[in-house]
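Please walk through the charged side-chain pairs of this model with me, and then through the sheet that one of them touches.

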Amino acid sequence: MLPDFIEANGLKAKIIFCAKPVATAVQASDFLKLPLECIAKTILFILDSEKPVLCILSGKSRVSAIKLCSLFNSQKCRIAKPEEVLEITGYEIGAVPPVSVYGVPAILDSKLAEMNEIISGGGSIQHLLRISPKEILEFGFECRTADITE
C-alpha cells in the first residue's frame, strides 16, 4: 500500500527496513539512534463517537484533547481502538504512516511542520518512513498544520 502510494505520487519519501519491530516512537528512536523529537507518531482519534482524524506529532509530545476538539468543533475525542485503526486506516497500530490513509483528515502538529524531515510509521512494524513535513502536508488527506499538543 504505502510503497505504491509513494511511487504513484512521486514522493521523495523513503521506506526504511528495520531488523526488529519498531512499533513505538521510542523503539524507532532507539533503533535509529535519533532523538525522540525527530520521530513522529501518527495516532488515530475518533471525534464525537464517529469522525476519525489522524494526528501527527512528535514522539515526545501528547495530543491535547481540548485543542483537538476545538479544532473540529467536537465535544469529545478518544484514541481509536486497535481494531478501529486497522479498519479505518488499513494499517496496524505502530505502523500507520502520515500519508496514504484515504478519507481521514490529518493534522500535522505545528512543531513538526518546522522540521526538514521526520521519521514515522512505515506501513508495518518493521518499516519506518523518512518524509518531509512538506510532503505530509501535500499528500496527507486534507492535511493541515495546527498546534495540537499539550
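In this predicted model, the side chains of D109 and K111 come together in a salt bridge, with a nitrogen-to-oxygen distance of 3.7 Å. The two partners differ in their surroundings, for D109 is buried at 0% relative accessibility, whereas K111, at 44%, counts as partly exposed. Because the limit for burial is under 20% relative accessible area, D109 with its 0% falls on the buried side, while K111 with its 44% lies in the range called partly exposed. The pair does not stand by itself, since D109 and K111 belong to a network of salt bridges that also takes in K67 and D147.

How many salt bridges does the model contain by the rule used here? The count comes to seven, and one of them joins the side chains of E84 and R78, with 2.7 Å from N to O. Here too a buried residue meets a partly exposed one: E84 has a relative accessible area of 18% and is therefore classed as buried, the cut-off being under 20%, and R78 reaches 31%, which makes this residue partly exposed.

A further salt bridge is formed by the side chains of E117 and R130, at 2.8 Å between N and O. This pair links distant parts of the chain, as its members are 13 residues apart, with E117 in the loop between helix 5 (110–113) and strand 6 (118–121) and R130 in strand 7 (residues 127–131). In this case both partners are partly exposed, E117 with a relative accessible area of 39% and R130 with 31%.

R130 also leads into the sheet, for this residue of strand 7 is the bridge partner of K14. Strand 1 and strand 7 pair in the antiparallel sense, and four bridges hold between them. In general, the strands of a sheet pair through backbone hydrogen bonds, in either a parallel or an antiparallel manner. The sheet in question is open and consists of three strands in the order 1-7-6, with antiparallel pairing. Strand 1 (14–17) and strand 6 stand at its edges, and because each has a single partner strand, one side of each is left without a neighbour in the sheet. Neighbouring strands of this sheet are turned against each other by 35° on average, when direction is ignored.

Taken together, R130 takes part in two kinds of contact, the side-chain salt bridge with E117 and the strand pairing in which K14 is the partner.

Key: Residues are numbered from 1 along each chain as its sequence is written. This is a predicted model: local features need pLDDT of at least 70, side-chain atom pairs count only at pLDDT 80 or more; totals for chains, interfaces and linings use all residues. Side-chain values use heavy atoms; hydrogens and water are left out. A salt bridge is a side-chain nitrogen of Lys or Arg within 4 Å of a carboxyl oxygen of Asp or Glu. Buried means under 20% relative accessible area, exposed over 50%, partly exposed in between (1.4 Å probe, protein chains only). Helices (H or I, at least four residues) and strands (E, at least two) are DSSP runs, numbered from the N terminus. Two strands pair if DSSP finds at least two bridges between them. Axes are lines fitted to C-alpha atoms, for helices over the stretch in contact, and angles run from 0 to 180 degrees between N-to-C directions.
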